[in-house]
Amino acid sequence: MSPMGLRIRPNVRRMEPYSPGKPVSEVKRELGLESVVKLASNENPLGPSPKAVEAVRRAAESMHVYPDGSAYELRQALARRFGLSGRQILLGNGSDELIHLLGLVFLGSPEDEMVVGDPSFVRYDAAAQLADCRLVKVPLNSDLVHDLGAMARAVTPRTKMVFVANPNNPTGTIVRKAEVDAFLRDLPDGVLLVLDEAYFEFAADVPDFPNSLDYVREGRPVVGLRTFSKAYGLAGIRIGYGFAPEEVVDAVDRAREPFDVNSLAQAAAVAALEDGEHVARTVANNREGAGRIAEVLREAGARVFPTYANFVYADLGRPAQPVFEALLLQGVIVRTATTMGSPTGLRVSVGTPEEVDRFVDAFRKVVASW
Ligand SMILES: Cc1ncc(COP(=O)(O)O)c(C=O)c1O
């Protein structure tokens, strides 16, 4: 109850605030540690592209001027890169904002339904809760892959949107093209499929990966979400994008704030997009590091799921919280999947080779004390 008798909407009161990975500075302070590595937020361990850093330095000189609200240059660069028109490009203050805006645009009443996988990215739940609509959570299959057959069966005449994170967070698993094709074939008119490809660059070389871009080009009711936060290393400046039918872009444009993508983010993204080498280095580092993390988890008897993202997910077969705490005492921050409903799940973001060494050593010590 509000002490002032204010009438905050009950669905908002019921929402859990987002709980981010523990910040390095907080862990250093609390535990008196000199050196802490954070493998908890799926960031780019190699940092941003130096070209993006330079572009931000230059753009900083003009930060007294409002940004270009249409982000013309970035929109055109993305349109050219992906062979779409600028009117099919979504831009947001992180893809988080695009998820939020899709919720505002499509969900409006308690009768509306939205279908998501479980566990999957928690911000989909927030979009549904904010709209006070019905969130239908469909468990992943036993390989922790989205069960598109079961999700199709969960669609009703009230369903407005279906969200599939591909690769999925927290599990790192993917659905394949044949499954998405079949899902779309049976999807009733009026339902939008959102393929959230935040980790696309790490899965791009999988031959039967269902690229959202192809569906949008074919004029299907599909939105593809991408981000500069992961492979491009721009998480702190907040810039996400997507591909969508023109009418969806038009609706999102009406709902969004006029200057949601700031000028530094626009400049950083244009420069980062040109730095394919940085992305290639990032993907190569990721492959190497993910392999080593998976190996040490497997050695400990955990069930490690094949990852197509920049983190490794494992079912430890025992509560993950004490493991998280024991790693923390050694200055290694990882993430449990407890808030995502899987108390034995541990998610480890891939770091630099040195950060992965830190994790491997710390984890072996934890296992030795089991
Ligand atoms: C599946 C998924 N979608 C979207 C996001 C949000 O990314 P952004 O930084 O672009 O808001 C994340 C971030 O972790 C994610 O895992």
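## A crossing helix pair and a mixed sheet

Helices α5 and α11 are roughly perpendicular to each other, because their axes cross at roughly 95° and angles from 65 to 115 degrees count as roughly perpendicular. This is a predicted model, so keep that in mind as you look around. The helix α5 is a handy place to start: besides meeting α11, α5 packs on an open sheet of 7 strands.

**Where α5 meets α11**
- Helix α5 covers residues 95-106 and helix α11 covers residues 246-255, and their axes come within 9 Å.
- On the α5 side, the contact is made by Leu 101, Leu 104 and Val 105.
- On the α11 side, Ala 251, Val 252 and Ala 255 take part.
- The residues of this contact divide into 6 nonpolar, no polar and no charged.

**The sheet**
- The strands follow the order β2-β8-β7-β6-β5-β3-β4, with mixed pairing.
- At the edges sit β2 (89-92) and β4 (134-139), each pairing on one side only.
- Neighbouring strands are turned by 20° against each other on average, direction ignored.

**β2 and its partner β8**
- Strands β2 and β8 (residues 240-243) run antiparallel and are joined by 4 bridges.
- Leu 90 has Gly 242 in β8 as its bridge partner.

**Helices on the sheet**
- Helix α4 (residues 72-82) packs on the sheet, where α4 touches β2 and β8.
- The direction of α4 makes about 135° with that of β2.
- Helix α5 touches β2, β5 (159-165), β6 (192-196), β7 (222-227) and β8.
- The direction of α5 makes about 50° with that of β8.

Note on methods:
Residues numbered from 1 in each chain as written. Predicted model: local features only at pLDDT ≥ 70, side-chain atom pairs only at ≥ 80, totals over all residues. Axes fitted to C-alpha atoms, helices over the stretch in contact; angles between N-to-C directions. Helix = DSSP H or I, 4+ residues; strand = E, 2+ residues; numbered from the N terminus. Parallel < 35°, antiparallel > 145°, perpendicular 65-115°, else oblique. Contact = placed C-beta atoms within 7 Å. Nonpolar A, V, L, I, M, F, W, Y, C, P; charged D, E, K, R; others polar. Pairing = 2+ DSSP bridges.
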